[in-house]
Amino acid sequence: MRTDKVSLRGRLVRDMIRNTMDSAMGRRIQTGELRKNPVEPAWICPPDYDYEIVEQENFVMEYLRPVQVNTGRVVLQLHGGGYIGPMKNIYRDFAVCYSKQSMGGDVLTIDYRVAPEYPYPAALMDALTAYQWLLEEKKYASEKIVIAGDSAGGGLALALAMYLRDHNQKMPAGLVLMSPWTDLTCSGESHGTNFHRDPQFGNTTDNLLHNSVYIGEADPKDPYLSPLFGEFWGMPPVLMQVGSEEVLLSDTLVVADKLRAVKSKRRVSVYDGMFHVFQMALRLIPESREAWEEVGAFLQILYGIRWKPEGKVVKRVKSGRNRG
């Protein structure tokens, strides 16, 4: 692992998160109280995009498309939030980023059902419905679909890919996973080694990661719930990004080792000094900018786009773990 210095802005944002999580408000965030009922201003769609709300029987989808552009490419985005949090504005901003990084691709983001009202497998079934909608209703080719997710959404994206493989359905072109939560037993080594380092989920087990209400009556080691315990043959190319400070670091590294063991194409980058889903900083900190540029480079390869991203993509891990 490289020991690059963390940027000044990166440290400031990381410390701000740590201070927030140590406050009374922080505990409300950790336990999900604020995640269930976010108070946000109305999101303003950029003028060069069409934005459509698509209602399904059990959930709502948000369909973002560049105006007068039809590339045939689409990203299916599965948001984070510990399986208890709803869709939020940051994921609408993420959708714009995914569209730009795929050079004008469309983005479908789903507000899937969440616990405790809707435990497993509600989120997985909603993600499956959205994927099938892209194939059957909108006629996207499976090789033009990329499934992306962060945190719980990252684990859900991996679980969906496993479900598609196991049920002989068309596979997507690839997966983009940001700080994926792949082990709901929370038994990874980094839960110990990073316990006092993680600014968001460290120093306590009284948070949304432990004793997840999404599990319900299921076995927490069910691969469609905790894909880390699944089989990794037949997976599409995967990009995984994670911060070195996270208690969920093992959720990425163990999956990376299992992908390598079956010779699956994967690229794994550990960003030194970074926190859970640091990509939410967008262009505020250098590490987040680099991560989004890396996403663009990965999408370029998957889609066969001849495009050179702005700036230099700096990989934070130079070991064999970040090579597919």
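How many of the 13 residues of helix 4 are buried, and is the helix largely enclosed or open? Ten of them are buried, so helix 4 is largely enclosed by the rest of the structure. This is a predicted model. Its chain has nine helices and eight strands. The points below move from the whole chain to helix 4, then to a cavity and a single serine.

**The whole chain**
- The chain holds 324 residues, and 59% of them count as buried.
- Take the contacts in the chain with a separation of 6 or more: 76% of them come from residues 24 or more positions apart.
- The accessible surface comes to about 14000 Å². Carbon and sulfur atoms own 50% of that surface.

**Helix 4**
- Helix 4 covers residues 89-101.
- At 1.5 Å a residue, its 13 residues should span 18 Å. The C-alpha atoms at its ends are 19 Å apart, which agrees with that expectation.
- The buried set begins with N89, I90, Y91 and R92. It also includes F94, A95, V96, Y98, S99 and Q101.
- Just after helix 4 comes M103, with a positive phi of about 55°.

**The largest cavity**
- The count gives one cavity of 30 Å³ or more.
- The largest cavity holds about 40 Å³ of space.
- Its lining is made of Y51, E62, L64, M87, R92, A95, V107 and T109.
- Two of these names are already familiar: R92 and A95 line the cavity, and both are buried residues of helix 4.
- Helix 4 shares the job with two strands. Strand 2 (60-66), helix 4 and strand 4 (106-111) each supply at least two lining residues.
- By type, the lining has five nonpolar residues, one polar and two charged.

**A closer look at S179**
- Where does S179 sit? S179 lies in the loop between strand 6 (174-178) and helix 7 (190-193).
- Is S179 buried or exposed? S179 has a relative accessible area of 0%. Buried means under 20%, so S179 is buried.
- Which residues does S179 contact, leaving aside its neighbours within four places in sequence? They are S151, Q241, V242, G243, E246, L248, H276 and V277.

**To take away**
- Helix 4 is largely enclosed, and helix 4 also helps to line the largest cavity.
- S179 belongs to a loop, yet S179 is buried.

How values were computed:
Residues numbered from 1 in each chain as written. Predicted model: local features only at pLDDT ≥ 70, side-chain atom pairs only at ≥ 80, totals over all residues. Heavy atoms only, no water. Helix = DSSP H or I, 4+ residues; strand = E, 2+ residues; numbered from the N terminus. Expected span 1.5 Å × (residues − 1). Buried < 20%, exposed > 50% of the residue type's maximum accessible area, 1.4 Å probe, protein only. 1 Å grid on protein atoms, 1.4 Å probe; cavity = no way out; pocket = protein on both sides within 12 Å on 5 of 7 lines; lining within 4 Å. Points joined across faces, edges and corners; volume = space filled by probe spheres on them. Nonpolar A, V, L, I, M, F, W, Y, C, P; charged D, E, K, R; others polar. Contact = heavy atoms within 4.5 Å. Areas by Shrake-Rupley, 256 points an atom, 1.4 Å probe, with all protein chains shown as cover.
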